[in-house]
Amino acid sequence: MPLVTTKKMFDAAYKGGYAIGAFNVNNMEITQGIVNAIAKTKSPLILQVSKGARKYADMNYLKAIIDVAVEQNPDIPIAMHLDHGDSFETCKQCVDDGFTSVMIDGSHHELEENIAITKKVVEYAHDHGVVVEAELGQLGGIEEDVVGVSSDDVMKHLTDPDQAVEFVEKTGVDSLAIACGTSHGAYKFKEAPKLAYDVIEKISEKIPEFPLVMHGSSSVLPEFKDLINKYGGDMPDAMGVPEEAITEASKMAICKVNIDTDLRMALTAKIREVFATNPSEFDPRKYLGPGRDAIENMVLHKLEVLGCSGKAAECK
Ligand SMILES: O=C(CO)COP(=O)(O)O
Ligand SMILES: O=C[C@H](O)COP(=O)(O)O
Ligand SMILES: [Zn+2]
Ligand SMILES: [Zn+2]
């Protein structure tokens with residue numbers, strides 16, 4: 001099966017009360033760790049690439065790696081998605097590069113401009129059989145080069161459900177990332193946040209069966225933060241989004257959950273552990289390999305949290 005769009009995945013996820021994991025990839029080991037987990041469990045997958053990842057890895061390399069993952073897993077639906085596209089030009093380039101899904105993040109513009117830029121991307125993408133995610137509302141933390149609102153203020157910048165209806169109607173977008181209390185990065189909250197389930201509920205009442213997306217959904221797992229700090233790291237205490245909250249939102253209209261920070265921390269923790277416990281080691285396979293295994297185990301766990309483990313067949 002070639003790369004797919006997210007259409008069938010979201011239909012199945014909405015009906016089944018689960019969410020699809022959207023994991024950020026930047027290199028071969030991260031991709032393999034994620035793909036090994038979905039191959040073992042037969043789970044649907046969204047591999048997402050940020051503008052920074054395109055620049056870091058060279059899109060031709062990343063695309064080749066993702067193509068191999070798709071070839072080796074013919075019975076598993078895999079979508080290739082642009083994360084936080086910042087302009088029509090970036091989105092167009094990704095459509096032309098073979099992405100099956102793109103995000104245009106116009107949430108930092110005024111509403112009218114967000115609508116206009118999203119509509120332009122939707123027209124081009126739909127003409128090429130590609131689906132589009134947009135964003136409305138302001139998340140906390142830092143994404144790409146954009147500094148979001150302070151994490152203490154996320155509850156003041158939630159998506160307005162009425163505006164969401166207007167936005168979806170006017171743009172024809174396929175899914176919408178909403179602000180419901182999450183935040184990007186590793187330094188999210190001082191104490192466990194409560195998500196704004198009422199925002200999710202209100203939007204789904206107004207636009208039934210429309211898939212919503214939750215960014216900034218890493219849990220900043222203490223297991224990895226502790227390993228990083230034990231072996232010379234210096235990550236301040238911070239809480240992520242509790243996994244029970246992710247499970248709860250996944251049962252609702254949230255059909256896609258974005259995870260990057262937890263991948264980064266799993267890889268970093270293992271590399272630090274190998275460096276600290278075996279300082280004479282200099283073979284990259286001896287530290288990137290354990291890092292890849294840590295990602296695989298972490299993703300296996302996340303698939304359970306999201307409820308999408310084993311759901312590949314019904315998402316095809
Ligand atoms: O939303 C994300 C990518 O778009 C990732 O969020 P985290 O930083 O919480 O992993
Ligand atoms: O939301 C942002 C993602 O975590 C991607 O981050 P990045 O721009 O550093 O690749
Ligand atoms: Zn944004
Ligand atoms: Zn994001």
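Which residues does Glu135 touch, not counting residues up to four places away in sequence? In this predicted model, Glu135 touches Asp105, Gly106, Ser107 and Ala177.

## The annotated binding site

An unreviewed UniProt entry lists Asp105 and Glu135 under "binding site". Although these positions span 31 residues in sequence, no two of their C-alpha atoms are more than 5.3 Å apart, so they gather at one spot.

The two residues sit in their own settings along the chain: Asp105 is found in the loop between strand 4 (101–104) and helix 6 (111–127), while Glu135 belongs to strand 5, which covers residues 131–136. Asp105 counts as buried because 26 other C-beta atoms lie within 10 Å, where 20 or more are required. Glu135 is likewise buried, with 26 other C-beta atoms within 10 Å. Leaving aside neighbours within four places in sequence, the contacts of Asp105 are His84, Gly85, Asp86 and Glu135, and the contact with Glu135 appears again when the surroundings are listed from the side of Glu135, together with Gly106, Ser107 and Ala177.

## The two sides of helix 8

Helix 8 runs over residues 197–206, and within this helix Val199, Ile200 and Ile203 are buried. These residues cover an arc of only 100° around the axis, which puts them on the same side of helix 8. An α-helix has 3.6 residues a turn, so residues three or four places apart point the same way. On the other side of helix 8, Asp198 and Glu205 are exposed.

The cover over the buried residues of helix 8 includes both helices and strands: helix 7 (161–171) and helix 10 (243–251) take part, as do strand 8 (175–178), strand 9 (212–214) and strand 10 (254–259).

## Packing of helix 2 against helix 4

Helix 2 (residues 28–41) packs with helix 4 (residues 59–72) at an angle of about 20°, and their axes are 10 Å apart. Because angles under 35 degrees count as roughly parallel, that makes helix 2 roughly parallel to helix 4. Helix 2 passes helix 4 in a right-handed crossing, and the contact is made by Met28, Thr31 and Val35 on the helix 2 side and by Ile65, Ile66 and Ala69 on the helix 4 side.

Methods: Residues are numbered from 1 along each chain as its sequence is written. Chains are lettered from A and ligands numbered from 1 in the order in which they are written. This is a predicted model: local features need pLDDT of at least 70, side-chain atom pairs count only at pLDDT 80 or more; totals for chains, interfaces and linings use all residues. A residue is buried if 20 or more other C-beta atoms lie within 10 Å of its own, exposed if 12 or fewer, and partly exposed in between; C-beta atoms are placed from the backbone. Helices (H or I, at least four residues) and strands (E, at least two) are DSSP runs, numbered from the N terminus. The arc is that of the directions from the helix axis to the C-beta atoms. Two residues are in contact if their C-beta atoms, placed from the backbone, lie within 7 Å. UniProt positions are given in the numbering used here, feature names are shortened, and annotations may be inferred rather than shown by experiment. Axes are lines fitted to C-alpha atoms, for helices over the stretch in contact, and angles run from 0 to 180 degrees between N-to-C directions. Angles under 35 degrees count as roughly parallel, over 145 as roughly antiparallel, 65 to 115 as roughly perpendicular and the rest as oblique. A crossing is left-handed if the near helix is turned anticlockwise from the far one by less than a right angle, and right-handed if clockwise.
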